[in-house]
Amino acid sequence: MATIVNRHEESVLPSVSMMLMIAVPCCGKREVQIPATTAANVISSLKNYFLSGCVFLLSTKHQTEMRPSSVKLGRLLSDKRILATEVSLQSFNHTLPEYRCCSNHPLNVILSGDTQAKSSVRRLSDTTSLTGPTWLLLLDNTSSPKEFLGDSNIPFDCEFLVAQQNAGGLVMLTEVYKIATERPLLYHDFGYWLSETTFRFPSTDFYFRRSSLQGLSISTATIENPPITVLERTDGQIKFSGYFGKVWRVLEKRMEFRTNFSFPADGGRGSVMKNGTATGMIRMIQDNQVHVAVDAFGMSGIRATAVDFTVPLLSTRYCVIVKSPDSLKLQWDNFLAPFSVMLWVAMMATVIVIAIHYTLLYYLGQRYGNQEADEIKFYTFSDSLLLVLGIFCQQGHDTTPRSYSCRFVCISMYIIAVMIFGTYSATFISFLTVHENRLPYTDLESLFSKHAQNYISEPSRQFLDKTYGESYQDNVQPSVLDGMHKVCNSKYSFLMSMDTALAFKNKVNCTVVPLPRETSLYIPQGFAIAKRSPYLGLFNYNLNKLRSNGVLYKHRVYDSMRRTFSKENAAWTRVRLEEVAPIIGFLLAGIVASSVVLLLEKVITTNMFLQQQNVFCCIAAVRYVDGGHSFHPKNSQINFLRPVGHNIRVRRAPQHQRLREVV
């Protein structure tokens, strides 16, 4: 069985290999080539270790017979069911599509260590990046890897191995790479191979073995963009903070590099135009002025054509910021909004049903001798309806029914009314305390259709171009604060990050609000780095470690964001007149209605009283003459209201005839 080394075992790897070499008897140094069988076994072990999809055997035209034959080596690999292809090293170019594996990265084996192979490797390293495939160079034990590779540019993220066999049959593997182009090559022990069952390769990650940049100075661009990046200049020194700034400082310590800061001339984060030109920090990366840009770069497709991105540090909401309306629109349905129409209908139906049920129980109690039998009947349907409505409005009642059936109905009404009132109050109070602005446009399409001018700080240009074509104006604003001032002073909208908008909300002289979430773009954000940067993998490796350890969450929530959004003095949320105008209007309408009803009652009562007065006046006008003559002014029958307990009948009599009174 093959054994895998751990991190502790790697430290003793050189001593183990030296012991094995010392144990082999030798009488002077002699050239030892790697046999074809041994080379095939080493290639097979490395292919399984790196999970390579295919093998390319690279040979030169003047390859000596002592070196492993590519034909024989290919046959041995075929016996192991390994797909291998022989290619001339002079014409090989691993960037071409025909030299790529469909399933995984290939293993390129350089079979020769002669002068032609040396010049071919130098040519490949100067014209292309060796990053991608795994490289294996087979050298005899008398050749020096430093002499063969010389100053070849083997990038930091390239896996390049040199295999050499000693007289005892032990194949030593050396890892070769450069920190930077101007730095010398570094050589580290990778492992050894002795037999198909006895070999040792690293068990640690690739970037765990290459975790240090050894004090390399990385040119970096940044801007002031709270709470993402905060720059504090003290005595000529720049203190880098903010969420992304603190993460960058952690990376400096973990990766052991130094930062050389630069700032864009236009002060902008940077965008890529339709013609391919860039601005801001993106332009600085394109022109090789800097290698990395530290800020929250939205990972859009058009930007990816100019730069690469690290893994996302956050995913933020990009929204269209507009000025909040100065006055609220009067909404007459505010006090009805907490409940749906069907719920209001159900409540009204419940009130009517309970009133009918209550009246019926009270009537049956009086009829069949319950506790209400001796009481005067006063719970008619109208009385019960007012009682139920009062309970639902959290009001009491002056008279409590005596029967338990009616009392049970009252208790049930109180419980239901409290629950409904609590639900209604919670929603309605939230509406009064949280101000929601109803804008004249609710999506990007309606915003653009109104021909609004738009300042776009961080747009997804492909999305806007594809969806709306030329219906929006693409005015790149160099400063976030300038863009927000433009929104306050004119009819402009501003597409920007929600986190940035919250950070700058107290620095402008107006209230800005975002459009609804349906118009937002959720875009991941990370560092921008040069295309095909050899350090991108190391940055991503460490950022993923920081995420799994909770460091990113710490700086995101508890440190940078909390300090930027400092707590303000608690203030009361003022409810404006426009928000309660419907309730006041309903109250005024009730007062007017009650006044009208009072007036009608007054008119009706006055008419009834006048009719009653006319009757008694007519009665007083009748003369009772005993034995004499009676006279009625109009000689007609008198109609009047009959008093209770009297039966008065007045008959029409001829003139000069006596009027009889019948009691």
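Which residue of β3 does Leu-57 stand opposite? In this predicted model, the residue facing Leu-57 is Glu-86. That pairing belongs to a parallel match between β2 and strand β3 (residues 84-88), held over five bridges. On top of that, β2 runs parallel to strand β4 (residues 107-110), and four bridges join the two. Here Val-55 is the residue to look at, as Val-55 stands opposite Leu-107 in β4.

With partners in both β3 and β4, how do things look for β2 in terms of cover? Strand β2 covers residues 55-59, and five of the five are buried, so β2 is largely enclosed by the rest of the structure. In a regular strand, side chains alternate between the two faces of the sheet. For β2, that puts Val-55, Leu-57 and Ser-59 on one side and Phe-56 and Leu-58 on the other, with both faces covered.

Strand β6 (residues 159-165) tells a similar kind of story: seven of its seven residues are buried, leaving the strand mostly covered. Glu-159, Leu-161, Ala-163 and Gln-165 point one way, while Phe-160, Val-162 and Gln-164 point the other, and every one of these is buried. As for neighbours, β6 runs parallel to strand β5 (residues 134-139), with six bridges joining them; within that pair, Leu-139 has Gln-164 as its bridge partner. With strand β7 (residues 171-178), β6 pairs in the antiparallel sense, over six bridges, and here Ala-163 is partnered by Leu-173. The hairpin made by β6 and β7 has five residues between the strands, and Gly-169 there takes a positive phi near 90°.

Turning to the helices, α18 (residues 536-549) makes for a quick geometry check. At 1.5 Å a residue, its 14 residues should span 20 Å, and the end C-alpha atoms are indeed 20 Å apart, so the two agree. Several residues of α18 are tucked away: the buried set includes Leu-536, Leu-538, Phe-539 and Tyr-541, along with the polar-named pair Asn-540 and Asn-542. Right after α18 comes Gly-550, which has a positive phi near 85°.

Then there is the surface. Leu-577, Ile-584, Leu-587, Leu-588 and Ile-591 form a nonpolar patch there, and together they present about 480 Å² of accessible area. Leu-577 sits in helix α20 (residues 577-621). Is Leu-577 buried or exposed? Leu-577 has 60% relative accessibility, and since the cut-off for exposed is over 50%, Leu-577 counts as exposed.

Key: Residues are numbered from 1 along each chain as its sequence is written. This is a predicted model: local features need pLDDT of at least 70, side-chain atom pairs count only at pLDDT 80 or more; totals for chains, interfaces and linings use all residues. Side-chain values use heavy atoms; hydrogens and water are left out. Buried means under 20% relative accessible area, exposed over 50%, partly exposed in between (1.4 Å probe, protein chains only). Two strands pair if DSSP finds at least two bridges between them. The expected span of a helix is 1.5 Å times one less than its number of residues. Patches are made of residues with over 30% relative accessible area and no salt bridge: like charges are joined within 9 Å, nonpolar side chains (Val, Leu, Ile, Met, Phe, Trp, Tyr) within 5 Å. Accessible areas come from the Shrake-Rupley method with a 1.4 Å probe; for residues, only the protein chains shown count as cover. A salt bridge is a side-chain nitrogen of Lys or Arg within 4 Å of a carboxyl oxygen of Asp or Glu.
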